[in-house]
Amino acid sequence: MTTREITSPEELAELLGAPTQRARDKERTVLHQRDREWLAASPFCLIATAGADGSCDVSPKGDPAGFTLVLDETTIAIPERPGNRRADGYRNILANPHVGLIFLIPGRTDTLRINGRARLVTDAPYFADMVVKGHRPVLAVEVAIEQIFYHCAKAFLRSELWRPETWQPDALPTRARLVKEVEASTENLADLERHYGPDYVTTIYA
């Protein structure tokens with residue numbers, strides 16, 4: 001069997017067919033009150049970016065529900081907390097401000113999607129509203145909204161993502177073992193197990 005590749009928008013449209021009118025018309029550019037409520041209930045989002053050379057990154061962001069602030073009807077801000085300092089997505093934003101975001105609510109099978117243009121801010125009056133456990137954010141990603149819509153539940157239903165009886169967290173080794181085996185760490189396993197052990201949660205804002 002030979003591999004068949006799609007190489008044009010026309011081929012793609014012929015294969016997938018035309019979107020329904022509902023799918024075509026659901027895009028908006030201004031936050032609705034329900035969007036604000038969704039953001040207030042969401043503790044987790046994914047930020048997709050692309051560099052000037054096309055290299056891509058998707059980074060998870062999470063905090064207590066409502067961590068994404070609504071600044072006005074077309075602007076939101078997402079705080080950055082201490083991390084691994086790679087800053088892949090932020091380097092992309094500096095070269096190419098276009099971002100795509102997906103906001104999740106645990107247990108919900110639909111999602112809120114926002115696309116827009118981002119900038120990195122190191123301080124602003126609203127930083128006081130982003131303090132968690134006494135810690136201000138390192139920076140914030142401000143997103144000027146260009147497109148917003150809700151995404152259907154099919155992917156979550158197919159994956160059974162929110163069904164605990166399907167979860168298998170022990171199907172792979174611990175995070176410490178993955179670091180040792182995959183990332184060629186020079187640290188010994190015992191030290192890594194301690195680092196990623198029960199006390200790890202106490203350092204996530206430090």
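Start by selecting Cys-45. In this predicted model, Cys-45 is buried, with a relative accessible area of 0%. Keep Cys-45 displayed and add Cys-56. The sulfur of Cys-56 belongs to the cysteine closest to Cys-45, yet the two sulfur atoms are 17 Å apart, too far for a bond. Cys-56 is therefore in no disulfide, since a disulfide needs the two sulfur atoms within 2.5 Å. A search of the whole structure also finds zero disulfides. Now turn on the surface: is Cys-56 buried or exposed? Cys-56 is exposed, with a relative accessible area of 64%.

Next, select residues 56-62, which form strand S2. Asp-57 lies in this strand. Show its side chain and look for a partner of opposite charge. Which side chain of opposite charge is nearest to Asp-57? That of Arg-86, 6.5 Å away. A salt bridge requires a side-chain nitrogen and a carboxyl oxygen within 4 Å, so a distance of 6.5 Å does not qualify. Asp-57 is thus a buried residue with no salt bridge.

Stay on Asp-57 and measure from its side chain to the backbone nitrogen of Gly-89; the distance is 3.5 Å. Then display the residues around Asp-57. Leaving aside neighbours within four places in sequence, Asp-57 is in contact with Ile-47, Ala-48 and Thr-49, and also with Asp-88, Gly-89 and Asn-92.

Move on to Arg-85. Arg-85 sits in the loop that runs between strand S4 (75-80) and helix H4 (88-95). Check its backbone angles: phi is near 70°, a positive value in a residue other than glycine. With 76% relative accessibility, Arg-85 counts as exposed.

A second residue to check for its phi angle is Glu-160. Where does Glu-160 lie? Glu-160 is in the loop between helix H5 (154-159) and helix H6 (175-182). Its phi is positive, about 55°, although Glu-160 is not a glycine. Glu-160 is partly exposed, and its relative accessible area is 31%.

Finally, select residues 33-152 and colour them by secondary structure. An unreviewed UniProt entry places the feature "domain: Pyridoxamine 5'-phosphate oxidase N-terminal" at these positions. Over this range the chain is 14% helix and 46% strand. To end the tour, pick the C-alpha atoms at the two ends of the range: they are 19 Å apart.

Definitions and conventions: Residues numbered from 1 in each chain as written. Predicted model: local features only at pLDDT ≥ 70, side-chain atom pairs only at ≥ 80, totals over all residues. Heavy atoms only, no water. UniProt positions renumbered as here; feature names shortened; annotations may be inferred. Helix = DSSP H or I, 4+ residues; strand = E, 2+ residues; numbered from the N terminus. Buried < 20%, exposed > 50% of the residue type's maximum accessible area, 1.4 Å probe, protein only. Lys, Arg positive; Asp, Glu negative; His and termini not counted. Polar contact = N/O pair within 3.5 Å; in protein donor to acceptor, adjacent residues only side chain to side chain. Contact = heavy atoms within 4.5 Å.
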